[in-house]
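Open the model in a viewer and keep the selection panel at hand. The stops below are meant to be taken in order.

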Amino acid sequence: MAASATPRAADETYDVIVLGAGPTGENLADRAHAAGLSAVVVESELVGGECSYWACMPSKALLRPVTARSEARRVPGLKDAVEGPLDAEAVLAHRDAFASHWKDEGQVRWLESAGIGLIRGQGRLAGPRRVAVDGRTLTARHAVAVCTGSRAVLPPVPGLADAKPWTSREATSAGSVPGRLVIVGGGVVGVEMATAWRALGASVTLLVRGDGLLPRMEPFAGHLVAESLAEAGVLLRTGVEAREVRREAPGGVVTVVLDTGDEIIADEILIAAGRAPRTDDIGLETVGLEPGSWLTVDDSCLVATPGDGDWLYGVGDVNHRALLTHQGKYQARIAGAAIVARARQVPVLESDRWGAHAATADTAAVPQVVFSDPEAASAGLTAAEAERAGYRIRVVDQDLGAVAGAALYADGYRGRARMVVDLDRETVLGATFVGPGVGELLHSATVAVAGEVPIERLWHAVPAYPTISEVWLRLLEAYRDGTA
């Protein structure tokens, strides 16, 4: 860990103080500084945050060799060349490099080059516009932004905490492959880590309380991913919960007792069962807010506080709008623009739904990719979400494997695409794709949803042939002909 980049100064006043140097905090500080405001970031761990060291980057570095090998095995002429097992040591070394070996000198250099100050230590609010850091007090002229992110939650299962389970941090940074791994949770972390560690040689059991995987996506996404995990050798058990966890000695085997009475023996257990905001020790009580709570914000990410008004922002995971790195960075751009506008006493465009100061995409056009094998990608609303929101919709489904580009991509390509259409406006409310390589297909859907592009205009967006993107043409044809 590099030393503090900002020395103690007599004047401890800044235009903007940011708590948390993850991607959200970095982007907000950069936006404010680029507009001419002074900014300082306070960080208690590594500059770069969860995404750089324990989430996005290391997890995708683990997963990319898995999906590349899987896809190569479906291409004539390559199958025999990639039949052997993955080189686990090389994959872990590749992961270590993408996590910068858990050192943040490079990120610190970026802050310095951008003209943003850095103070190491635990930052805590000390009243309106004030932040205390290890005996020094900082004052913000315009804004304090809480960008401290979230942490994994351990459910109250007897014996679990004493068993020292893996969370997402340990799962993405482990130095060796466990022989037997039990994963609790069927969301993104559970699915991605089951995919990675099974391919690296672990025997994986995936325990899910509900009836399927990826519950926040269209149901077919979880079904197709579950089929693929089963084919890879993952044992999936749905409708079960851990009732007790035992580990008799540090580093010893773990016994997981299910509510069915069954017992599972493993070398490690990963808990992927939700997140909580990292707001329990940041001084929220000094401004009339509840420590440990999610921060309720408006569309500019401004937190309503008792007394002195427009100065506290909750950006990224802490506001619980969309717990995704790219959405945190998006919110940072929106909040940064709003902070600058308020500092310059320019009206904030609160009435403009898609304006510079409204994080509307958090509710209307969130994109997400699950880097499983096959990938699952979605943007906007699912059919169920659209119906709950009161839209009159039509759902259009297509076999992704029937598209010429998909057949060329891999023999026996399996996948599915869905478009959710608002019948009153004839615009796309949401889209979901499942299949190899669909993550790179997603941005077209995100643009269609965020842009509220009319269906009749999408006919003029001609997909290149032969690419998987031609599924858009098939979806439009099915909508026109009423065949889906």
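A residue counts as buried when its relative accessible area is under 20%, as exposed when that area is over 50%, and as partly exposed in between. The model shown is a predicted one.

**Stop 1: Glu452 and Arg353**

Select Glu452, which at a relative accessible area of 26% is partly exposed. Add Arg353, also partly exposed, with a relative accessible area of 39%. Their side chains form a salt bridge, with 2.8 Å from N to O. Where do Glu452 and Arg353 lie in the chain? Glu452 is in the loop between helix H13 (442-450) and helix H14 (455-458), and Arg353 is in the loop between H9 and helix H10 (361-364), so the salt bridge ties together parts that are 99 residues apart in sequence.

**Stop 2: a network of charged side chains**

Next select Glu45, Glu50, Arg169 and Arg278, which are joined into one network by salt bridges that share partners. Within this group, look at Glu50 and Arg169, whose side chains meet in a salt bridge at 2.8 Å, N to O. Glu50 belongs to helix H2 (residues 49-54) and Arg169 to helix H6 (residues 168-173), so this pair links parts that are 119 residues apart in sequence. In the whole model the count of salt bridges comes to 30.

**Stop 3: Asp299 and Arg321**

Move to another of these pairs, Asp299 and Arg321, where the closest N and O atoms of the salt bridge are 3.1 Å apart. Asp299 sits in the loop between strand S15 (275-277) and strand S16 (312-314), while Arg321 sits in the loop between S16 and helix H9 (325-343), so the parts tied together are 22 residues apart in sequence. Colour the two by accessibility: Asp299 is partly exposed, with a relative accessible area of 36%. Arg321 is partly exposed as well, at 22%.

**Stop 4: helix H9**

Continue along the chain to H9. Of the 19 residues in H9, 14 are buried, so this helix is largely enclosed by the rest of the structure. Place a distance marker between the end C-alpha atoms of H9: they are 26 Å apart, which agrees with the 27 Å that 19 residues should span at 1.5 Å a residue. Just after H9, stop at Gln345, which has a positive phi of about 60°.

**Stop 5: strands S8 and S14**

Select strand S14 (residues 268-271). Which residues of S14 cover each side? Glu268 and Leu270 are on one side, Ile269 and Ile271 are on the other, and all are buried. Now add strand S8 (residues 180-184), which runs parallel to S14 and is joined to it by four bridges. To find the register, pick Leu181, which stands opposite Glu268 in S14.

**Stop 6: strands S19, S20 and S21**

Select strand S20 (residues 416-422), where six of the seven residues are buried. Strand S19 (residues 393-399) pairs with S20 in the antiparallel sense over seven bridges. Asp399 has Arg416 in S20 as its bridge partner. Seven bridges also join S20 to strand S21 (residues 427-435), and these two strands run antiparallel. Here Ala417 stands opposite Phe433 in S21. The hairpin of S20 and S21 has four residues between the strands, and in this hairpin Glu426 takes a positive phi near 55°.

**Stop 7: the largest cavity**

Turn now to empty space. How many cavities of 30 Å³ or more does a search of the whole structure find? The search finds one. The largest cavity holds about 130 Å³ of space. To show its lining, select Arg74, Leu224, Glu227, Ser228, Asp373, Pro374, Gly412, Tyr413, Arg414, Gly415, Val434 and Pro436. By class, this lining has five nonpolar, three polar and four charged residues. Helix H8 (residues 219-232) gives the most to the lining of the largest cavity, with three residues.

**Stop 8: the second largest pocket**

The last selection is the second largest pocket, with about 310 Å³ of space. Its lining comprises 15 residues, and Ser70, Arg73, Ser228, Ala232 and Asp373 lie nearest its centre. Helix H3 (56-72), helix H7 (188-199) and H8 each supply at least two residues of this lining. The lining of this pocket divides into six nonpolar, three polar and six charged residues. Keep Ser228 and Asp373 selected at the end, as they belong to the lining of the largest cavity and are also listed among the residues nearest the centre of the second largest pocket.

Key
Residues are numbered from 1 along each chain as its sequence is written. This is a predicted model: local features need pLDDT of at least 70, side-chain atom pairs count only at pLDDT 80 or more; totals for chains, interfaces and linings use all residues. Side-chain values use heavy atoms; hydrogens and water are left out. On a 1 Å grid over the protein atoms alone, a cavity is a set of points where a 1.4 Å probe fits but cannot get out, and a pocket is an open set with protein on both sides within 12 Å along at least five of seven lines; lining residues have an atom within 4 Å of a point. Grid points are joined across faces, edges and corners, and a volume is the space filled by probe spheres set on the points. Ala, Val, Leu, Ile, Met, Phe, Trp, Tyr, Cys and Pro count as nonpolar, Asp, Glu, Lys and Arg as charged, and the others, Gly among them, as polar. A salt bridge is a side-chain nitrogen of Lys or Arg within 4 Å of a carboxyl oxygen of Asp or Glu. Buried means under 20% relative accessible area, exposed over 50%, partly exposed in between (1.4 Å probe, protein chains only). Two strands pair if DSSP finds at least two bridges between them. The expected span of a helix is 1.5 Å times one less than its number of residues.
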